[in-house]
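Trainee: I would like to go through this structure and ask how each label is justified. Where should we begin?

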Amino acid sequence: MPHTPAAPDQAHTRTRPVHWTATAVALGAVVAAAAFLQPDPAAASAPRAVAGPETRPATAPAPDAAAATYPLDCHGVPQRVVASAQGDLDGDGRPETVAAVRCDAGSGTPPHAVYVLTTDPGAATTPRVVATLLEAGARKTVTDLAVRDHTVTATLLGYSSPEIPRYAPDLKQQAKWRWTGGKFSQELTDSAAKRV
């Protein structure tokens, strides 16, 4: 009967938990070292900021409508901001404020004026009026004032004749103002005369 030689003792090749733990620790150290030595992909691909005229500061807050002085003559009666809206109207990255202002007469319906406010960049200055969108002399009342997509929108209420009571406007217009060519252009859409 042929004799089969005994297999050599392979006790030293058996895996034990201690072997797996050592392998895992070594592999983790290699991966950590590789990650540590790699350049940051965000830093490598992002251009470095260079100071220059195109570098803009962080977005400044919009001007405070209550802190401005308006060119509205109220003959000693205080002025009152009745509505305001904020947005970047001229595309310079800094928000402006649009304010509807009237004399705070206490009774009646004083007409509104609409102003655009800005502040000087990098300075804590009082907001200043840079444009008048609607004069109080137009004898309109402003509702639904908003700024969207670099455009000021508002509903203007008015009167078809001097006989119409000031508390019951009978004309309605949708107004839009947009900054184009270095000034604000106005678009008005009239509604039919009726009580509003």
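Mentor: With H112, which has a relative accessibility of 6% and counts as buried. Keep in mind that the model is predicted.

Trainee: Why is H112 called buried?

Mentor: Buried means under 20% relative accessible area. H112 has 6%, so the label buried applies. H112 lies in the loop between β2 and β3.

Trainee: Which residues is H112 in contact with, leaving aside neighbours within four places in sequence?

Mentor: They are V82, V101, R102, L134, E135, A136, K140, T141 and V142.

Trainee: What makes the approach of the H112 side chain to the backbone nitrogen of V142 a polar contact?

Mentor: The distance is 2.8 Å. The cut-off for a pair of N or O atoms is 3.5 Å, and one atom must be able to donate a hydrogen and the other to accept it. The pair is listed on those terms, with the side chain of H112 reaching the backbone nitrogen of V142.

Trainee: T141 was among the contacts of H112. Is T141 buried or exposed?

Mentor: T141 has a relative accessible area of 13%, therefore it is buried. T141 is found in strand β5. Besides H112, its contacts beyond four places in sequence include T109, T155, L156, L157 and Y159.

Trainee: Which residue in strand β5 has a positive phi although it is not a glycine?

Mentor: D144, with a phi of about 55°. Most residues other than glycine have a negative phi. D149 is another case, with phi near 50°, and D149 lies in the loop between β5 and β6.

Trainee: Why are D144 and D149 called exposed?

Mentor: Exposed means over 50% relative accessible area. D144 has 58%, so D144 is exposed. D149 has 68%, so D149 is exposed as well.

Trainee: How do you know that Q173 is buried?

Mentor: Its relative accessibility is 12%, and the limit is under 20%, so Q173 counts as buried. Q173 lies in strand β7.

Trainee: What does the side chain of Q173 make polar contacts with?

Mentor: One partner is the side chain of K140, at 3.3 Å. Another is the side chain of D190, at 2.4 Å. Both distances fall within 3.5 Å, so they meet the distance limit for a polar contact. Leaving aside neighbours within four places, Q173 is also in contact with A154, T155, L156, L188 and T189.

Trainee: Where does D190 sit relative to Q173?

Mentor: Q173 stands opposite D190 in β8.

Trainee: What makes β7 and β8 a pair of strands?

Mentor: Two strands pair if at least two bridges are found between them. Eight bridges join β7 to β8 (residues 183–190), so the requirement is met, and the strands run antiparallel. They form a hairpin with two residues between them, and G181 in the turn has a positive phi of about 60°.

Trainee: How do you know that β3 and β4 pair?

Mentor: By the rule of at least two bridges. Strand β3 (residues 113–118) and β4 share five bridges in the antiparallel sense, so they pair. L117 stands opposite V129 in β4.

Trainee: Which strands form the open sheet, and in what order?

Mentor: Four strands form it, in the order β1-β2-β3-β4, with antiparallel pairing. The edge strands are β1 (79–87) and β4 (128–134).

Trainee: Why are β1 and β4 called edge strands?

Mentor: Each pairs on one side only. The twist averages 30° from one strand to the next.

Trainee: Which residues of the largest nonpolar core touch the most other members?

Mentor: V98, L133, V142, L145, V152 and W177, out of 18 residues. The elements that give two or more residues to this core are β2 (96–103), β3, β4, β5 (141–148), β6 (151–158) and β7 (171–180). Apart from this core lies another, of 12 residues, among them Y70, V101, A113 and L117.

Trainee: How many helices and strands does the protein chain have?

Mentor: Two helices and eight strands. From the N terminus on, the elements run α-α-β-β-β-β-β-β-β-β. Of the 196 residues, 29% count as buried.

Definitions and conventions: Residues are numbered from 1 along each chain as its sequence is written. This is a predicted model: local features need pLDDT of at least 70, side-chain atom pairs count only at pLDDT 80 or more; totals for chains, interfaces and linings use all residues. Side-chain values use heavy atoms; hydrogens and water are left out. Axes are lines fitted to C-alpha atoms, for helices over the stretch in contact, and angles run from 0 to 180 degrees between N-to-C directions. A nonpolar core is a set of buried Ala, Val, Leu, Ile, Met, Phe, Trp, Tyr and Cys residues joined through side-chain atoms within 4.5 Å. Buried means under 20% relative accessible area, exposed over 50%, partly exposed in between (1.4 Å probe, protein chains only). Contact means heavy atoms within 4.5 Å.
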